[in-house]
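This report describes how two chains meet and how one helix pair is arranged.

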Amino acid sequence: MDTTDLLNYLVAGWLIMGGFFVLVGSLGLAKLPDFFTRLHAPTKATTLGIGSVLVASMLMTSVRDGGFSVYEVVISLFLFITAPVSAHMMAKAALHKRIAMLERTGNREMAPRISAQQTPHPEPEAEDKPA
Amino acid sequence: MTSADVLSYAILVTGLLVLVSLLLNVWRILLGPDITDRILALDTLYINSIALIILLGLYNGSALYFEGALLIAMLGFVSTAALSKYLLRGDIIE
């Protein structure tokens, strides 16, 4: 077994692992009972799966073209930064819309208070201030 | 079976898994009881399509697909943020 064989088996392993986690994330999205549990699966499992696929692509491209391939690092960094932000915004919108949640959700009596909360404006409006 | 065969089978199997994931996401978009479920399914759909584009780049042995993946990542995040913001405030840019 030479290094090309080793590289091919390594890339194949990372690819299968990535496909498995992507499938787990989408299965969770399809099967879980309410929105707030459904939010967990794609934001964590799918991000891990796409990270594995990008690692496989990075190994392959780096060896094939020589040198270090930086595109995959950029894509995975971008996804790892934006996934929690978009999940937070969707959860905030769902609380605001008073989406139905499961009966056994912990601290569910706090949800109406959170959805009544207003997000503050970035700067107060100048006309309303007393002189 | 050489290692190159193993790699091409692995790429095909991963493409199949990603295809099933895309179908599940489309099912959730059609079914989704609320608008937030549809936004979440759309978010997952574009992330899975990035995986599919990367796989296509590996299969063809080309580095040209990465710009497309990066563009989809950026536009997908902006669209998710805009939709959530619209639901939250009734307006996107205040």
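Helices (H or I, at least four residues) and strands (E, at least two) are DSSP runs, numbered from the N terminus. The model is predicted, so local features need pLDDT of at least 70 and side-chain atom pairs count only at pLDDT 80 or more, while totals for chains, interfaces and linings use all residues. Residues are numbered from 1 along each chain as its sequence is written, and chains are lettered from A and ligands numbered from 1 in the order in which they are written.

Contact here means that the C-beta atoms of two residues, placed from the backbone, lie within 7 Å. In chain A, 46 residues are in contact with 44 residues of chain B. On the side of chain A that touches chain B, α1 (3–31), α2 (35–38), α3 and α4 (71–96) each supply at least two residues. The most come from α1(A), with 18 residues.

The table gives residues by class; Ala, Val, Leu, Ile, Met, Phe, Trp, Tyr, Cys and Pro count as nonpolar, Asp, Glu, Lys and Arg as charged, and the others, Gly among them, as polar.

| Set | Nonpolar | Polar | Charged |
|---|---|---|---|
| Side of chain A that touches chain B | 28 residues | 13 residues | 5 residues |
| Contact of α3(A) with α2(B) | 12 residues | 5 residues | 1 residue |

In that helix contact, residues of α3(A) including Ile50(A) and Leu54(A) meet residues of α2(B), among them Ile47(B) and Ala51(B).

Arg113(A), by contrast, lies in helix α5 (residues 111–116) of chain A. Leu29(A) is 84 residues from Arg113(A) in sequence and 27 Å from it in space, C-alpha to C-alpha.
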